[in-house]
Amino acid sequence: MEVDKGKGEAEETRKVAEADRDTVTLKSSDGKLFEVSKEAAARLSTVLAGMIAGGSIDDNGTDLKQIGSEALENVVDYCNKHANSIPSAALISSSISFNTAPFKEPEEWERKFVDRLSHDALFDLVEAANFLGMERLLDVTCHKISEMMKGKSPDQIREVFNIKNDYTKEELEEIRQELAWAFYDD
Amino acid sequence: MGISDLGPELLDLILARLPLRDAARASVLSVAWCRSWRHLSDLDFTSPRAAVCDREAIDGVLLHHAGPVRSVRAKITDDILPGVHGWIEALSQQGLQSLDLTFTPPSVPSSLMQDLPGSIFSCHALKDIVLAGCLLPAVPASFTGFPSLTKLRIKCSSFHKGSDLELIISMSRKLEELTLKVLLVAGCDERQELRMESSSLWFLDIYGHINITWVGARLPRMSYANFADASPGGSVVNLLRGMESSLEKLVYSFSTHVPHHSTMQRACFHAIDLIQSKNASYGRDRYKEEKIKPTYSRGNMQI
């Protein structure tokens, strides 16, 4: 949600700013401003939580120089959607069957949220989530990418993600031998 | 940007969500992916698409792994059995925290079960152990417990000596949750009389001991116990006595065909009385209403 307000609304925003604001304004690398629920930002991002607690939030827009406007818009959108969604029992439940598998399946809305993204937007969002310490968003985006790779041959994966094979023939042969077990049925 | 620009740490996060076989195959995509699976800390050889549960595969993975390995889950079939000793030996040096091994077929425990290698006792970082269908190695004289172990689940398995089980429980001083199902002390015709002692256990799920009787218990922190049918009646009574002071929830399933049934029932009612009287003296708010109401349903008694 880009902040693009009329005069009256800007006046209103200043008034709110004087009181205790319940949103924070974030500024992307290309200078665009986005407003996000303070509660959701603090809950979902360890970095933003630290900045809010440490008082290093700038009311005129906290600079996030590493994040472009498209990725930041998605981050803000995710936070606001998260603030409005009621987490399912699966997310709340702390029971973990195998203590090394703490990842919980994406919620329906999270799935839709990442499904609509282009590849580039998805990768940018992974980096933004990583930079901001947003564990859940990082989980959901990495899960989406892994779903796109699952069960595909290396050639198919290269095609999907436009990966250029920069190995020499010899290097490739060496790796395939080392991992012979993974290539049995090729 | 392309996917390969994400950098090795983020690529690792993506690979960690893939079946092991897919993660390994990603090595050939491009140079950026060459380290791929070598850094995965959770190795699950059982996932449906893993198709790697053969000896060569597991050898290959562990041999080329950059470590540390946090968790391993595998099904051990006859043809890969000879490798198990070396793997556990290697993993004990890698800070292994979670081990889940199912030896097949894990139907009923017998003296013919496959040996779990003794090197498991040198995996000092283990926090979580799940074992099924194996003969546990004899506890070495130098064993001082698994110092970090909090969860232990053993199913359809056997022991050389009953005291091995006693020692693992009592010496692992952080052990909190214990599940023991269908266990046998190998090569013994007589019932083995064991004691269960732990000052850290709070959860116990137990049934179906073939020739083990628990004759005593000291479990001062036990708050949740789940007993089922096949536990010999005497065991239930004796275990309950050892946890009376702290027990908050008891789930007890039984059928009236089991010998000692009435003794078990009496012991359970005694435990209910204790929980209820404790509740009265500590004030009602300490326990939820449903926890203290004994209820019957199809041979199931829950407090």
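This is a short dialogue on how to read a predicted model with chains A and B.

Trainee: What should I know before I start?

Mentor: This is a predicted model, where local features need pLDDT of at least 70 and side-chain atom pairs count only at pLDDT 80 or more, while totals for chains, interfaces and linings use all residues. Residues are numbered from 1 along each chain as its sequence is written, chains are lettered from A and ligands numbered from 1 in the order in which they are written, and side-chain values use heavy atoms, leaving out hydrogens and water.

Trainee: How many helices and strands does chain A have?

Mentor: Helices (H or I, at least four residues) and strands (E, at least two) are DSSP runs, numbered from the N terminus. Chain A has 10 helices and 3 strands, and along the sequence they follow the pattern α-β-β-α-α-β-α-α-α-α-α-α-α.

Trainee: Is A:Asn74 buried or exposed?

Mentor: Buried means under 20% relative accessible area, exposed over 50%, and partly exposed in between (1.4 Å probe, protein chains only). A:Asn74 lies in helix α4 (residues 69-84) of chain A. Because its relative accessible area is 6%, A:Asn74 counts as buried. For the whole chain, 39% of the 186 residues of chain A are buried.

Trainee: Which residues does A:Asn74 touch?

Mentor: Contact means heavy atoms within 4.5 Å. Leaving aside residues up to four places away in sequence, A:Asn74 touches A:Phe113, A:Arg116, A:Leu117, A:Ala121 and A:Leu125.

Trainee: Which residues touch the most other members of the largest nonpolar core?

Mentor: A nonpolar core is a set of buried Ala, Val, Leu, Ile, Met, Phe, Trp, Tyr and Cys residues joined through side-chain atoms within 4.5 Å. The largest one here has 125 residues, and A:Ile145 and B:Met196 touch the most other members. Among the residues that A:Ile145 touches are A:Phe161, B:Ile3 and B:Leu6.

Trainee: How much area do chain A and chain B bury between them?

Mentor: The size of an interface is often given as the accessible area lost when the parts come together. Buried area is summed over both parts, using a 1.4 Å probe. Chain A and chain B bury about 3700 Å², 63% of it on carbon and sulfur atoms. The contact takes 44 residues from chain A and 45 residues from chain B.

Trainee: How many salt bridges are there between chain A and chain B?

Mentor: A salt bridge is a side-chain nitrogen of Lys or Arg within 4 Å of a carboxyl oxygen of Asp or Glu. The count between these chains is 2. One salt bridge joins B:Arg38 and A:Glu178 (3.0 Å, N to O). On the side of chain A that touches chain B, the largest share, 7 residues, comes from α8(A).

Notes:
Buried area = accessible area lost by both parts, 1.4 Å probe.
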